[in-house]
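Work through the exercises below with the structure open. Try each task before reading its solution.

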Amino acid sequence: MADLALKSIHKSYGSVEVIKGIDLDIGHGEFVVFVGPSGCGKSTLLRMIAGLEEITSGELYIGEKLCNNMEPRDRGIAMVFQSYALYPHMSVYDNVGFGLKLAKAPKEERDRKIREAARILQMEHLLERRPSQLSGGQRQRVAIGRAIVREPEVFLFDEPLSNLDAALRVDMRMELSKLHQQLGATMIYVTHDQVEAMTLADKIVVLNNGEVQQTGAPIDLYKNPANLFVAGFIGSPKMNLSPVIAGEVSGSRIALGGEGLEQLSYAFDGHRQKPGDRLTLGIRPHALKISETGPVKGKVDLVERLGNETIINFRLGNGEQWLAVVDGDAPIGRGGAVAFSVAESDIMLFDENGENVRCLVSAVDGEI
């Protein structure tokens, strides 16, 4: 395994710049996930690491090697694509070992590596089958096995689970996590699915419009998003965001205004807002607790009962749609009035530029 360093990486197609100066360090054995919406540049960045796209400017190091002009086969990487790309006329055994055969590896070595990969992926019983005789999940295992036998320093995954159904994706996420623990390899994984990112990653890199928005552990991005984009992208269901206006200042506290958001105020924490400032309030659906006297008030539009939890879609007094996630047996009906409280530690505020002002909301009893 190896570490990677991306130093001021740029990628342009003519006059169009798609990767805009990315600096990133990836340590030995880390599982790093690039996540972001379609078109954000995450797959392009992965392909630049793989050597499938040229680097316009900047430097890419894998271990101690400067790899800008190095051929993909010489970089010590193996890539698993969204498409399985298996040879239909070959057995699983031959598909997994095809790269080794092209490299003229000795037959005994090929056999050892193929059978070891099959053991790791628990597919020894599939070695004589052809791809047409496999399920989608089994085909993906074959594609991963083809990467394992190369014994790369770095594994690259480009949305490998997107062709699988929901249940199988959950199973394969667990298999990939186990594989990382077992191999101890450096892995870089691209997905647009933030649930995959949260469950798999040691470190998440959130990309938008060719730029890194935030890098960190999944729980850090969930609890302390750097800006409105990260706040709205990470978390499911996504964070409730509502514009508020700063009101009167009293000592170190300032009131917040917004119809359906009553009696809110917060304490400064190294930032100085003033009356009239336009801010954005962020509260995650799971942080809202049903309370008869809570300051977050609205009318219920839809109730989705999922068994262990219930998702409430409600409208604030200003017409904005919010979500709350509560207990599965919560006595809430469509069309009724509802009120919620929220713990101070679960409230975030963002300034006019969309940056998290990292303020603290306070109240005597710890809720508002």
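The exercises cover one sheet, its strands and the helices on it.

The model is predicted: local features need pLDDT of at least 70, side-chain atom pairs count only at pLDDT 80 or more, and totals for chains, interfaces and linings use all residues. Residues are numbered from 1 along each chain as its sequence is written, and side-chain values use heavy atoms, without hydrogens and water.

**Exercise 1.** Lay out the open sheet and find its edges.

Solution. Strands are DSSP runs of E with at least two residues; helices are runs of H or I with at least four, and both are numbered from the N terminus. Two strands pair if DSSP finds at least two bridges between them. The six strands run in the order β6-β7-β8-β3-β9-β10, with mixed pairing. β6 (77-80) and β10 each have a single partner strand, so one side of each lacks a neighbour in the sheet. From one strand to the next, the twist averages 15° (axes are lines fitted to C-alpha atoms, for helices over the stretch in contact; angles run from 0 to 180 degrees between N-to-C directions).

**Exercise 2.** Compare two strand pairs: which way do they run?

Solution. Take β3 (residues 31-35) and β8 (residues 186-191): they run parallel, joined by five bridges. Here Phe 31 stands opposite Met 187. Now take β9 (residues 203-208) and β10 (residues 211-216): they run antiparallel, also with five bridges. Val 205 faces Thr 215 in β10. Two residues lie between the strands of this hairpin, and Asn 209 takes a positive phi near 55°.

**Exercise 3.** Which strands does helix α5 touch?

Solution. Contact means heavy atoms within 4.5 Å. Helix α5 (residues 166-183) touches β3, β7 and β8. Its direction makes about 160° with that of β8.
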